[in-house]
Amino acid sequence: MKKYFSIGETSKLNDITPKALRLYDKMGILKPAHIDEDSGYRYYSVDQFIHIDVIKYSKSIGIPLKEIKEIFDKGDTKLFMGFLEKQEEIARKEIKKLENILSDINNLKQYMEYSFYKEESFEFFERQIDKRYVVKSVLIKEDTYESVAIKHKNLYKVFEKLDLNMDIEIGYFLDIDSIKKGVIDRKAIYIGVNNVNENNKENVDEIPKGRYLCINYKEKDRAIVKEKVECYIDKHNINSDVVIEMELLNDVFDYSNITYELQILI
């Protein structure tokens, strides 16, 4: 049996490029077992094949070459075990991150499907909605379209500061007394939160669960809807402290064409 294998043979047997073997030699991770003095050719022994396997596996699970070199410099299997445990924790965090991404994608799809289904309707309907958690920013009468947009963007900083995850839902808190007068008065803008726990619960506001009276409309139809809502709540003697105007995602490219859903807790 051959005692040494050339760099080409070693490359083919271990499914690794000669370029990678030269890099590991240069970095001091894996030196050839023998170098021909005359030709300068590199040769590797069978015993080194397991070292190549360790390097390939370490790379496949994300261990940087610098740390792989440390493993080989120390030659300590327990140290290698420690690096594996470190990569295990990193992998678990990545899995959690990907699970959150999948959850966000699913929520966005459901939100958009609902938005398409309810894109425009001048009929009242009822919805059972679960409790929602939000971060909000108070609006004033002097706010312009641009200043509201700035307050909306500033809410993102609150999420970063409090380490909160943004939900898809964006909307406004309204004043029912104003609606009774035929005016949709926005008191605050909000963004939904989807990772509320006991540690951050005190930093967010709640929209209570319950049965909501709803109607959908676009900005161009706001005046018509105001009159319709005003008549409806007066006729049915509705008086609620929770009135929401939620933005739907029926058109992400033309903001002027989006649909709103008015929600009144009943």
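Helices (H or I, at least four residues) and strands (E, at least two) are DSSP runs, numbered from the N terminus. The model is predicted: local features need pLDDT of at least 70, side-chain atom pairs count only at pLDDT 80 or more, and totals for chains, interfaces and linings use all residues. Residue numbers start from 1 along each chain as its sequence is written, and side-chain values use heavy atoms, with hydrogens and water left out.

**Exercise 1.** Describe the largest pocket and its lining.

*Solution.*
1. A pocket is an open set of points on a 1 Å grid over the protein atoms alone, where a 1.4 Å probe fits, with protein on both sides within 12 Å along at least five of seven lines; lining residues have an atom within 4 Å of a point.
2. A volume is the space filled by probe spheres set on the points, which are joined across faces, edges and corners. For the largest pocket, this space is about 750 Å³.
3. Val148, Tyr172, Arg186, Glu247 and Tyr255 are the closest to its centre among 30 lining residues.
4. Two or more lining residues come from each of α6 (145-162), β6 (166-174) and β7 (186-193). The largest share, six residues, belongs to α6.

**Exercise 2.** Describe the second largest pocket likewise.

*Solution.*
1. The second largest pocket holds about 360 Å³ of space.
2. Its lining has 15 residues; Tyr111, Arg127, Arg132, Asp167 and Glu169 lie nearest the centre.
3. The elements giving two or more residues to this lining are α5 (77-117), β4 (121-129) and β6. With four residues, α5 gives the largest share.
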